[in-house]
Number of protein chains: 2
Amino acid sequence: KPPKHAMLSTDKKVKAPPMVYIAGEEMTRYACDLMVQKWFQPYFDTSAWQYFDLSCASRDATDDQVLKDAVQAGKDIGAIFKEPTITPSALQVKQMGLKKAWGSPNGAMRRGWNGITISRDTIHIDGIELGYKNPVFFERHAVGGEYGAGWNQVGKGTLLTTYLPKEEGSPPFVVDKRDLTDDHNVVVVYHNPYDNVTSLAHLFFGRCLEAGITPYIVTKKTVFKWQEGFWATMKEVFDKDYKEKFLEKGLLDKCGGDLQHLISDAATMQLIRWTDGGFGMAAHNYDGDMLTDQIAQVHRSPGFITSNLVGKKDDGSLIKEFEASHGTVTDLWNDHLAGRDTSLNPLGLVEAMIGAMEHAATLDAERHSGDGGKLQTKDQVFNFTTTLRTALHNTFRYGQGTRDMSGPSGFTTEDFIEKVAWRLGRYLSMQYDESPPPTLKEPDRKYRRNYDIDEEAVSAMFAKYDKNGDGFIDFEEFTRMLVKMNLAPAKAKPTKTPDV
Amino acid sequence: KPPKHAMLSTDKKVKAPPMVYIAGEEMTRYACDLMVQKWFQPYFDTSAWQYFDLSCASRDATDDQVLKDAVQAGKDIGAIFKEPTITPSALQVKQMGLKKAWGSPNGAMRRGWNGITISRDTIHIDGIELGYKNPVFFERHAVGGEYGAGWNQVGKGTLLTTYLPKEEGSPPFVVDKRDLTDDHNVVVVYHNPYDNVTSLAHLFFGRCLEAGITPYIVTKKTVFKWQEGFWATMKEVFDKDYKEKFLEKGLLDKCGGDLQHLISDAATMQLIRWTDGGFGMAAHNYDGDMLTDQIAQVHRSPGFITSNLVGKKDDGSLIKEFEASHGTVTDLWNDHLAGRDTSLNPLGLVEAMIGAMEHAATLDAERHSGDGGKLQTKDQVFNFTTTLRTALHNTFRYGQGTRDMSGPSGFTTEDFIEKVAWRLGRYLSMQYDESPPPTLKEPDRKYRRNYDIDEEAVSAMFAKYDKNGDGFIDFEEFTRMLVKMNLAPAKAKPTKTPDV
């Protein structure tokens with residue numbers, strides 16, 4: 001039960017701390033509007049949210065001034081929620097009648113907010129097992145690498161790369177000189193700015209330590225020797241400020257008592273083997289791009305992974321932008337427009353909203369330290385987000401989830417949001433009861449009547465039928481088992497299916 | 001039953017076509033020696049094999065002349081088998097008392113043999129299901145990318161990259177000019193030579209077409225625009241020479257009737273989802289490095305994936321070097337030295353040996369076209385390799401495999417090789433019988449007595465217990481099912497385990 005001052009009711013709305021709200025397009029915009037209206041606005045006055053419409057139409061109408069304004073506002077306020085947006089293709093430019101193909105807003109945001117890292121973590125639902133049992137954290141360096149490369153397509157000849165130091169008196173020198181002997185080559189040049197790797201290290205290790213997660217650093221430095229600096233900085237920060245704390249918590253027990261380096265291609269293998277989770281990885285930009293998509297798929301889908309851009313203001317405070325890892329879900333939007341039922345799982349969107357609200361409240365309280373009102377608001381926000389998460393998770397657990405989780409009997413987009421709103425209201429109001437009834441949770445299946453199972457014997461049976469020993473009984477093994485047990489429904493003679 | 005002229009016996013050894021045999025180190029060298037002795041040499045006179053010892057000691061003693069010689073021999077002959085070798089670390093240099101840290105031989109080989117692609121395909125055992133049900137093919141561009149990058153670590157300043165054409169009269173131009181504002185940067189420059197992508201395309205599509213596999217091209221060209229040329233060349237070759245043939249065989253049915261491009265990060269997701277296999281991917285060098293390691297892990301381990309470097313001689317004939325994807329297996333070697341039993345699965349080594357022998361025979365017959373003796377040898381080699389593969393697979397299927405496949409009761413390294421040798425001899429001699437008994441194969445389980453199963457009903461039951469619909473019944477689901485079926489062994493009252 002939270003302290004009295006952190007409780008909320010619909011009678012007196014709390015003024016939500018300022019944050020930037022970037023609206024996008026299609027199905028996710030529709031769902032976010034509904035969630036804001038049904039979940040947040042009954043308890044919060046959101047008038048301090050600064051709203052920017054980053055739809056194609058809006059960017060077109062303002063000649064992209066809206067993007068510049070949003071970036072500036074994000075820089076000022078420091079907490080940003082962003083809905084999925086559309087980066088229009090040539091076809092979409094035509095269909096929407098745009099002046100031009102407005103590019104991805106990501107570059108402007110990463111630059112404007114001094115992006116250090118894109119944090120991408122697995123999202124979990126209490127009591128429902130997904131691909132990784134425990135959280136997997138990922139820091140993807142937000143700058144550098146081939147994303148900002150210069151390049152050209154060239155024929156035979158020589159490529160000369162020269163560095164001219166800014167420092168007066170330092171002579172220029174040749175970085176690389178190569179002869180190109182093919183008729184058709186592409187040449188590529190890029191740089192990795194490493195100044196912010198120290199900040200990345202603190203963010204990463206801080207997060208891992210707090211969550212009880214074992215950190216790994218992923219590079220290809222064994223072959224790409226220039227990546228050594230990334231590892232060296234991470235290791236230095238770790239040894240100086242974190243190693244002892246990680247050792248104390250036993251978080252290095254499974255990796256030899258020290259921070260471990262993983263070669264990037266080996267990391268693709270570990271991501272498949274380490275399904276227990278409980279580990280974190282920090283990597284360069286492109287490796288992070290590849291590996292986090294793999295994590296998303298092992299865990300379940302991009303809907304179950306966060307995407308948070310973390311930058312830094314000049315005063316040292318963190319700018320954090322929170323978004324879902326998926327797009328605008330065009331197919332469901334088309335269904336919706338055609339009047340058909342939809343069932344959008346909003347988990348990634350909700351986690352982003354929660355993250356933005358929490359960071360907004362934290363920043364606001366920090367900026368007005370000593371202001372008891374701000375502290376109360378912060379506690380109210382955190383009580384709200386925690387309760388919302390519980391309401392959301394329990395709705396999934398009661399089989400009232402969206403159809404991607406609960407099957408064909410699952411709820412529609414609207415019904416699901418309504419159901420969570422109802423449960424959220426119930427949980428929040430229960431906090432006021434003098435002696436509250438226990439919070440409703442799904443009972444552990446092991447508590448059920450007749451659950452007097454000999455797990456060891458079951459385990460032996462399982463192993464017997466799991467012929468290939470992969471930890472699963474697949475369809476073939478299942479069939480074989482039924483045959484063995486004489487339970488397989490026979491074809492020839494019509495027979496009653498056993499009452500299961 | 002093969003034609004009479006293709007049969008083999010120990011009475012009269014066949015002269016094996018010339019190939020380069022590169023020996024390596026530790027456990028894999030020991031196992032390869034045994035296999036050559038027990039499997040190949042009873043039927044083949046291997047005196048035309050050119051043998052090069054690429055152990056650290058040998059490279060050290062010859063000042064690496066042995067590597068140069070091996071590369072030259074490979075260039076002349078065109079068919080190479082290579083055992084795993086050790087690229088010594090600083091510690092190993094000391095332990096072995098080497099003059100220097102001899103580098104990986106890969107670079108010299110790729111250059112010397114004009115490497116186009118490294119083909120890495122899943123290895124399958126008939127009748128045993130692994131990660132991918134059907135083969136997965138992969139072509140990794142053998143040149144270009146960051147492996148050959150020039151780089152430096154620099155501070156603030158300007159980086160200028162200029163291209164000077166070889167063609168007279170063409171003016172030089174600036175490829176890239178960038179200001180570096182961080183105190184600590186690394187700058188990286190590389191090129192992708194694309195001339196051999198046409199050859200790569202023909203190799204890839206030819207292989208896919210022959211095996212009935214759907215091809216995909218993987219790049220990050222949506223962001224890394226310079227990669228467009230890779231895709232464009234692949235598409236051009238496909239449209240011109242292959243599209244119709246793929247359409248005829250129905251191999252484009254599941255991908256919209258055309259060659260498909262996959263973005264590299266999306267490819268990491270598909271590799272996890274497409275466990276049916278039956279697809280191929282072609283990619284740049286680094287993407288191929290990452291993705292093939294992922295494939296190895298999804299399929300089972302690096303022991304179940306090939307690694308074949310394909311290059312081209314000036315006369316257009318293909319140089320092919322075959323190796324296993326794993327290392328020298330130091331831990332088993334230490335066990336062996338200590339007198340303990342070992343159980344090395346030689347599948348990857350055997351596939352490499354088979355590949356090299358087949359390519360050697362093919363080249364030899366091509367070079368002496370019209371020479372009936374060479375054609376006979378080729379047929380004998382292919383009869384041998386096919387029979388060896390069958391003997392190997394069946395040994396696994398009879399539960400006489402190595403312990404990684406058959407569990408603790410599996411065979412030791414030596415016993416397994418002996419068993420395969422025995423079975424190989426049996427199969428080859430059976431070919432001489434006038435009316436041979438049917439080849440021993442494991443009967444399909446469906447042929448068994450009582451197999452009158454209604455697959456549809458079984459399917460429905462399976463779906464019922466596969467709660468999360470992932471196509472598997474995991475331990476939790478299995479337990480739930482037993483409880484439901486009243487078959488779960490109970491803890492409290494001692495009870496007889498059902499006769500299963």
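In this predicted model, Phe205(A) is found in helix α6 of chain A, which covers residues 197-211. Its relative accessibility comes out at 0%, so Phe205(A) counts as buried, the cut-off being under 20%. Setting aside neighbours within four places in sequence, the contacts of Phe205(A) are Pro215(A), Ile217(A), Met234(A), Val237(A), Phe238(A), Tyr242(A), Phe246(A) and Leu259(A). Tyr216(A) sits 11 residues away along the chain, and its C-alpha atom is 9.7 Å from that of Phe205(A).

Phe205(A) also turns up in the wider packing picture. The largest nonpolar core has 102 residues, and Phe205(A), Met234(A), Phe205(B) and Met234(B) are the ones with the most contacts inside it. Apart from this core lies another, made of 54 residues, including Met19(A), Ala360(A), Phe384(A) and Met430(A). As a general point, nonpolar side chains in soluble globular proteins tend to be buried together.

Over in chain B, helix α6 takes in residues 197-211, 15 residues in total, and reaches 21 Å from its first C-alpha to its last, close to the 21 Å expected at 1.5 Å a residue. The buried members of α6(B) are Val197(B), Ser199(B), Leu200(B), Ala201(B), Leu203(B), Phe204(B), Phe205(B), Cys208(B) and Leu209(B). After α6(B) comes Gly212(B), with a positive phi near 70°.

Another helix worth a look is α14 of chain A, residues 413-430. Its 18 residues should span 26 Å at 1.5 Å a residue, and the end C-alpha atoms are indeed 26 Å apart. Buried here are Thr413(A), Phe416(A), Ile417(A), Val420(A), Ala421(A), Arg423(A), Leu424(A), Tyr427(A), Leu428(A) and Met430(A). These buried residues of α14(A) pack against two other helices of chain A, α1 (26-40) and α12 (372-400). Of the residues just named, Met430(A) is among those in the 54-residue core. In general, an α-helix has 3.6 residues a turn, so residues three or four places apart point the same way.

Further along chain A, Tyr465(A) has its place in helix α15, residues 455-465. The relative accessible area of Tyr465(A) is 3%, so this residue is buried. Tyr465(A) and Ile86(A) are 379 residues apart in sequence, and their C-alpha atoms lie 49 Å apart in space.

Turning to the strands, one open sheet draws on both chains: its 4 strands run in the order β8(A)-β11(A)-β11(B)-β8(B), with antiparallel pairing. At the edges stand β8 (150-154) of chain A and β8 (150-154) of chain B; each has a single partner strand, so one side of each is left without a neighbour in the sheet. From one strand to the next, the twist averages 10°. On the chain B side, β8(B) is joined to β11(B), residues 185-193, by 5 bridges, and the two run antiparallel. One bridge there pairs Gln153(B) with Val186(B) in β11(B).

Strand β15 of chain A (residues 306-312) has 6 of its 7 residues buried, so the strand is largely enclosed by the rest of the structure. It has antiparallel pairing with strand β6 of chain A, residues 117-119, through 3 bridges, and Thr117(A) stands opposite Val310(A) in β15(A). With strand β16 of chain A (residues 318-324), β15(A) pairs over 7 bridges, again in the antiparallel sense. In that pairing Ser307(A) stands opposite Glu323(A). The two strands, β15(A) and β16(A), form a hairpin with 5 residues between them, and Gly316(A) in the turn has a positive phi of about 95°.

Positive phi values also appear in residues other than glycine. One is Asp63(A), with phi near 50°, in the loop between α2 (56-61) and α3 (65-77) of chain A. At 45% relative accessibility, Asp63(A) counts as partly exposed. Another is Val329(A), with phi near 55°, which lies in the loop between β16 and α10 (330-337) of chain A.

At the level of domains, chain A is divided into three parts: domain 1 (1-130 + 302-429), domain 2 (150-189) and domain 3 (201-299). The centres of domain 2 and domain 3 of chain A, taken over C-alpha atoms, are separated by 33 Å.

How values were computed. Residues are numbered from 1 along each chain as its sequence is written. Chains are lettered from A and ligands numbered from 1 in the order in which they are written. This is a predicted model: local features need pLDDT of at least 70, side-chain atom pairs count only at pLDDT 80 or more; totals for chains, interfaces and linings use all residues. Side-chain values use heavy atoms; hydrogens and water are left out. The expected span of a helix is 1.5 Å times one less than its number of residues. Buried means under 20% relative accessible area, exposed over 50%, partly exposed in between (1.4 Å probe, protein chains only). Contact means heavy atoms within 4.5 Å. A nonpolar core is a set of buried Ala, Val, Leu, Ile, Met, Phe, Trp, Tyr and Cys residues joined through side-chain atoms within 4.5 Å. Two strands pair if DSSP finds at least two bridges between them. Axes are lines fitted to C-alpha atoms, for helices over the stretch in contact, and angles run from 0 to 180 degrees between N-to-C directions. Domain bounds come from an automatic or database domain assignment.
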